[in-house]
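I opened my notebook to look up a few helices and how their neighbours sit around them. Come along and follow the entries with me.

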Amino acid sequence: MKIIDMHCDTIGSLFALKERGEAQARSLRRNSGHIDLMRLRESHYLIQNFAMFVPLSGCDDPWERVCAMYRCYQEELERNQDILAPVFCYRDIAQNEAAGKVSSLLTVEEGAVCRGEAEKLRELYRMGVRMITLTWNFDNEIGHPNFDSGLREKMEAAMKAWKALEEGTVQQNQLYTVQQEQLHTVQQEQLHRAEWEEARLAAQAAYDVYMHTPNLTGGLTEKGIELVAEMENLGIIPDVSHLSDAGFYNVLEVTKKPFVASHSDARAVCPNVRNMTDDMIAKLSERGGVMGLNFCADFLEEKPLGEENPGTIAAVVRHAKHIVNAGGIDVLGLGSDYDGIPTHSELPGAQSMGRLWDALRGAGFSEGELDKIFYGNVLRVYRDTLG
Ligand SMILES: [Zn+2]
C-alpha cells in the first residue's frame with residue numbers, strides 16, 4: 001500500500017514550537033503529533049506534502065516568515081536524509097522510492113507570502129515549492145477565501161456573548177449554594193438558563209451562517225489571475241482549498257493544466273464551505289485534477305456547538321463515496337490536514353492509513369480503486385504538472 005498525502009501542517013507546528021523555544025519537545029523524525037518520519041517510513045508513504053502555513057494574523061511580513069520556515073524545513077531535510085528526500089520534478093519521485101526514501105513535496109499555504117510579486121513566485125519555485133494554496137481564510141493579493149470576514153466577526157461576537165453567560169451562570173450557582181437560599185437559586189438558575197439558551201441559539205445561528213455561506217462573487221483579483229498563470233508556467237500547482245467558490249471558477253478559466261483542492265471534502269455531505277460542491281468536484285475531475293480527503297471532524301460531520309466532534313472513519317467513507325459518485329474514481333486523493341486539525345479519534349495519525357484502507361475496502365471500493373485514491377490519482381497530477 002503506497003500513500004500520497006497532499007496536505008499536513010507538521011512543518012508549521014514544528015516551526016511554531018521552535019519559535020517558542022520548545023523545539024526539543026518535537027522533532028520531525030519522531031514525535032507525538034500526527035505525523036513523523038518514522039511513521040511515514042513504516043507506513044510506506046510514497047510522498048508527504050509539507051505545507052509552510054503562514055498565518056496572517058499578527059504577522060508583519062509573510063515573506064520573511066515563509067523564508068524562516070523554509071530554513072527550518074531545510075534543517076530537517078538535512079538531518080533526516082536517510083529517510084526523506086525532496087521532490088523537484090516528477091522523476092525524483094521514482095528515484096527516491098528506489099532509494100528507499102519517502103519523498104517530500106514542499107508547499108505553501110497562504111498565497112500572501114508572494115506579496116503579489118511574480119518574482120517571489122519564482123523564488124519559491126527555486127526553493128522547491130511545487131504547490132501553493134492560494135488563500136487561507138483571509139483575503140490576500142491573489143483572491144478571496146470562502147469565509148466572509150464580516151460574518152466571522154458576527155459569529156465571534158455571538159460566541160463570546162454565549163461563553164460569557166456560561167461563566168456567569170457558573171458563578172451565580174456558586175454564590176447560591178447555601179440551603180436557605182435554595183428557592184432563590186432555582187429562580188436565578190432558571191433566569192440564567194433562559195438567557196444562556198438564547199445566547200447559545202444566537203451563537204449557533206451566527207456560526208451556521210458563517211460556515212454555510214460561500215463567497216460567490218469575490219474570486220481572484222487581477223493580480224491573482226496573473227500569478228496563477230505564472231504558477232502554471234513555472235510548474236507550481238494551484239491549490240484551491242480555502243479559496244472562494246467564485247475563485248474556484250476563476251482558476252478553472254485561467255488555467256489549462258490540472259490543479260488541486262489539496263484538503264477539502266464534499267459539501268453535499270457536510271455543508272461547511274471549506275468543502276466542494278458537486279459541480280466543483282465534477283469540473284475539477286473533467287480537468288484531470290484531484291481533491292484530498294480532509295480528516296478534520298468539523299468538515300466531515302457537523303455537531304451542535306458545544307458538543308464534542310471526535311471524527312469517525314464512517315464519515316470519511318461517506319465523503320469518499322459521495323465524491324467518487326460526483327466526480328468519478330479519478331478525482332479523489334488524500335489530504336489529511338494532520339497537525340493542523342484536532343486529533344481524530346479513529347484516525348489518530350500517519351500510522352492509521354491501513355485502517356482507512358480496510359474501511360473503504362469494506363465499503364465496496366476495489367483494490368484498484370483504492371490504489372488510485374491512496375496515491376495513483378495524485379501521482380498522475382504530479383506527472384502532468386511538475387515537469
Ligand atoms: Zn488549510
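Entry one: I looked up what covers the buried residues of H10, and found helix H9 (245-254), strand S7 (260-261), strand S8 (290-293) and H12 among the elements that do. Contact here asks for C-beta atoms, placed from the backbone, within 7 Å. Helices (H or I, at least four residues) and strands (E, at least two) are DSSP runs, numbered from the N terminus.

A note on the source: this is a predicted model, where local features need pLDDT of at least 70 and side-chain atom pairs count only at pLDDT 80 or more, while totals for chains, interfaces and linings use all residues. Residues are numbered from 1 along each chain as its sequence is written.

Entry two: which residues of H10 (residues 278-286) are buried? I noted Met280, Ile281, Leu284 and Ser285. Buried means 20 or more other C-beta atoms within 10 Å of a residue's own, exposed means 12 or fewer, and partly exposed lies in between. These four lie on the same side of H10, because they cover an arc of only 135° around the axis; the arc is that of the directions from the helix axis to the C-beta atoms.

Entry three: just after H10, I found Gly288 with a positive phi of about 85°.

Entry four: I then turned to Arg126, in helix H5 (residues 118-127). Is Arg126 buried or exposed? Arg126 is exposed, as 10 other C-beta atoms lie within 10 Å. Its C-alpha atom is separated by 12 Å from that of Met231, and the two residues are 105 apart along the chain.

Methods
Two residues are in contact if their C-beta atoms, placed from the backbone, lie within 7 Å.
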